[in-house]
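Trainee: Please take me through this model one feature at a time. I would like the general idea as well as the case at hand.

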Amino acid sequence: MTKKPKRVPTRKILDTLAEMYPDAHCELNFKNPFELLIATILSAQSTDRQVNIVTEKLFDKYPTPEDFLSLTEEELAEEIRGLGLYRNKSRNILQTCHRLVDQHGGKVPQTRKELEALPGVGRKTANVVLSNAFDEPALAVDTHVQRVANRLALADSENPLETEKQLNRRVPRSEWTLTHHRLIWHGRRICSARNPKCDRCDLLSYCWYGKQRMKER
């Protein structure tokens, strides 16, 4: 059985990911920080594709926090019904919009502390907003990043925060945001949770998990 290595060729892995996904980017559609914040809250337990379908109409009808506040929780829930946890998301989004209007002049704050103080916003969502809306280097760990980073031995933890810390130590700060996108794209396109396409993966020679799977065939 192949064991997870303690040392991995991090630079080669990052360069290979860059070659595989030169156009990697955030796949949530947004035009401004507010739209990204709401889309990211909506993305929990939903796919980016599902979120984009919902937000295309949602943002056209309600482009600002003030516009969202014209809705009741029940009305917003109906607008986002196609997404998972839509009732909880409706409540959190309206509470967040209240905070944005009352405490931040209707603008999305640009610090992690202020972002994480918003209802429905955790570290992952804050990282996504900081990196994609405000160009602040951050490496958000979602299920794809968690899975792929551990399979490639870039991290060795079941805890997303610890995985983020380990990745931040291995990956140059200037590459945090792009690495986040590339790991997600790899997880969606090749390194899926079930039946990953190891035989088609350019990272196989660096991947302890892939090598183990190939041996077991």
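Trainee: Which residues in α9 meet which residues in α10?

Mentor: Contact here means heavy atoms within 4.5 Å. On the α9 side the residues are Val145, Gln146, Ala149 and Asn150, and they meet Pro160, Thr163 and Leu167 of α10. By class, this contact has four nonpolar, three polar and no charged residues. Ala, Val, Leu, Ile, Met, Phe, Trp, Tyr, Cys and Pro count as nonpolar, Asp, Glu, Lys and Arg as charged, and the others, Gly among them, as polar. The helices are DSSP runs (H or I, at least four residues; strands are E, at least two), numbered from the N terminus.

Trainee: What should I keep in mind about the model itself?

Mentor: It is a predicted model, where local features need pLDDT of at least 70 and side-chain atom pairs count only at pLDDT 80 or more, while totals for chains, interfaces and linings use all residues. Residues are numbered from 1 along each chain as its sequence is written, and side-chain values use heavy atoms, with hydrogens and water left out.

Trainee: How is the packing of two helices described?

Mentor: Two packed helices are described by the angle between their axes and the distance between the axes. The axes are lines fitted to C-alpha atoms, for helices over the stretch in contact, with angles from 0 to 180 degrees between N-to-C directions. For α9 (residues 143-151) and α10 (residues 160-170), the axes come within 10 Å and cross at roughly 55°. These two helices are therefore oblique to each other. Angles under 35 degrees count as roughly parallel, over 145 as roughly antiparallel, 65 to 115 as roughly perpendicular and the rest as oblique. The crossing of α9 past α10 is left-handed; that word applies if the near helix is turned anticlockwise from the far one by less than a right angle, and right-handed if clockwise.

Trainee: At what angle do the axes of α9 and α11 cross?

Mentor: The angle is roughly 85°, and the axes of α9 and α11 (residues 176-189) come within 8 Å. Therefore α9 and α11 are roughly perpendicular to each other. His144, Val145, Arg147 and Val148 in α9 meet six residues of α11, namely His180, Leu183, Ile184, His186, Gly187 and Arg188. This contact has four nonpolar, four polar and two charged residues.

Trainee: Is Val148 buried or exposed?

Mentor: Buried means under 20% relative accessible area, exposed over 50%, partly exposed in between (1.4 Å probe, protein chains only). Val148 lies in α9 and is buried, with a relative accessible area of 0%. Not counting residues up to four places away in sequence, Val148 touches Leu183, His186, Gly187 and Cys191. Its C-alpha atom is separated from that of Ile184 by 8.0 Å, although the two residues are 36 apart along the chain.

Trainee: Which residues does Asn150 touch?

Mentor: Asn150, also in α9, touches Lys4, Ala155, Asp156, Ser157, Thr163 and Trp208, again leaving out residues up to four places away in sequence. Asn150 counts as buried at 10% relative accessibility.

Trainee: How many of the residues of α2 are buried?

Mentor: Nine of its 10 residues are buried, so α2 is largely enclosed by the rest of the structure. Among the buried residues are Phe34, Glu35 and Thr40. The buried residues of α2 pack against α3, α4 (65-68), α6 (86-104) and α8 (123-133). With α6, the packing angle is about 155° and the axes are 10 Å apart. That makes α2 roughly antiparallel to α6. The crossing of these two helices is right-handed. Phe34, Leu37, Ile38, Ile41 and Leu42 of α2 meet Lys89, Ile93, Thr96, Cys97 and Leu100 of α6. By class that gives eight nonpolar, one polar and one charged residues.

Trainee: What is the usual sign of phi in residues other than glycine?

Mentor: Most residues other than glycine have a negative phi. Gln45, in the loop between α2 (33-42) and α3 (48-61), has a positive phi near 55°. Ala153, in the loop between α9 and α10, has a positive phi of about 65°. Gln45 is exposed, with a relative accessible area of 67%, whereas Ala153 is buried at 4%.

Trainee: Which residues does UniProt list for "domain: HhH-GPD"?

Mentor: The unreviewed UniProt entry lists residues 42-189; such positions are given in the numbering used here, feature names are shortened, and annotations may be inferred rather than shown by experiment. That span is 64% helix and 0% strand, and its end C-alpha atoms lie 22 Å apart.
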